[in-house]
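Please open the structure in the viewer and keep the sequence at hand. The tour below proceeds by selection, from strands to aromatic side chains.

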Amino acid sequence: QEQQKFDIFDLNSNTLKSDSLLCEKTVGIIGYGYVGQAVAQRFLDLGVKDMLYNDLCVVKNPQPRAEFTNFERLVSESDIICICCKALTQKSHLFQKDAFKKMKKDAILLDSYSNGHAINYSDLYNALREKRICAAGLDVRDVNRTHPFKTNLSALNNCYYFPFKECNHTWDMRSAASESVARAVVSALRLGRNSEQEER
């Protein structure tokens, strides 16, 4: 069942950018290194409107280009936020209850690379359960590590786990990570759109 959440969207389809679920979205990337830039390129290929990033400092000549901003603006203006920094390159628990309060109610939070150290999972669980944010996608690359609050989060229909597989080559790893992120986002967006239609 978990795998099916990610199979509903064909990343190689010929869907026009103007028809994309992402065409009017602003994406915020936390950590704009090689992985962050690969994720950003995938989002741009899917037609996102604006790209913001926050890092320890301004990145020189990033590819693709994105606007550097502070954490507070990124959190409050982004429709989709993707954490792409390693554990020790940013302070732990960037995302806790105060950050979730600043996010849009239809925002999606993705942790693709921090190994769980950037999020307070207790606060994330409460934010998802109380619908303060739309959805979250979490990296479970290290299958031997006990994921905080996994049992509780798995019971929610707006929390996704990336079916991430390690790759032998650096570029393959970046590509696989960015594809998993894209799949999680589109699944969450479709979940939100279906929920709106049901409410009507």
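Which residue in β2 does T26 stand opposite? Select T26 together with D50: these two residues face each other, D50 belonging to β2. The model under inspection is a predicted one.

Extend the selection to strand β1 (residues 26-30) and β2, which run parallel and are joined by five bridges. Next, add helix α2 (residues 34-45); with β1 and β2, helix α2 makes a right-handed β-α-β unit.

Now show β2 alone, residues 50-54. Four of its five residues are buried, leaving the strand mostly covered. On to strand β3 (residues 67-68): two bridges join β3 to β2, and the two strands run parallel. Within this pairing, select L52, which stands opposite E67 of β3.

Turn to the aromatic rings, where four aromatic pairs are counted. One of them is formed by Y32 and Y53, which are stacked, with 4.5 Å centre to centre and 15° between the planes. This pair links distant parts of the chain, 21 residues apart: Y32 lies in the loop between β1 and α2, whereas Y53 lies in strand β2. Colour both by accessibility: Y32 is buried, as is Y53. Add F68 to the selection to display one aromatic cluster, made up of Y32, Y53 and F68.

Finally, select F95 and F100. Their rings form a tilted aromatic pair, 6.4 Å centre to centre with 35° between the planes. Are these residues buried or exposed? Both F95 and F100 are buried.

Definitions and conventions:
Residues are numbered from 1 along each chain as its sequence is written. This is a predicted model: local features need pLDDT of at least 70, side-chain atom pairs count only at pLDDT 80 or more; totals for chains, interfaces and linings use all residues. Side-chain values use heavy atoms; hydrogens and water are left out. Buried means under 20% relative accessible area, exposed over 50%, partly exposed in between (1.4 Å probe, protein chains only). Two strands pair if DSSP finds at least two bridges between them. A crossover is right-handed if, with the strands pointing away from the viewer, the path from the first strand over the helix to the second runs clockwise. Rings of Phe, Tyr and Trp (its six-membered ring) pair if their centres lie within 6.5 Å; planes under 30 degrees apart count as stacked, over 60 as edge-to-face and the rest as tilted.
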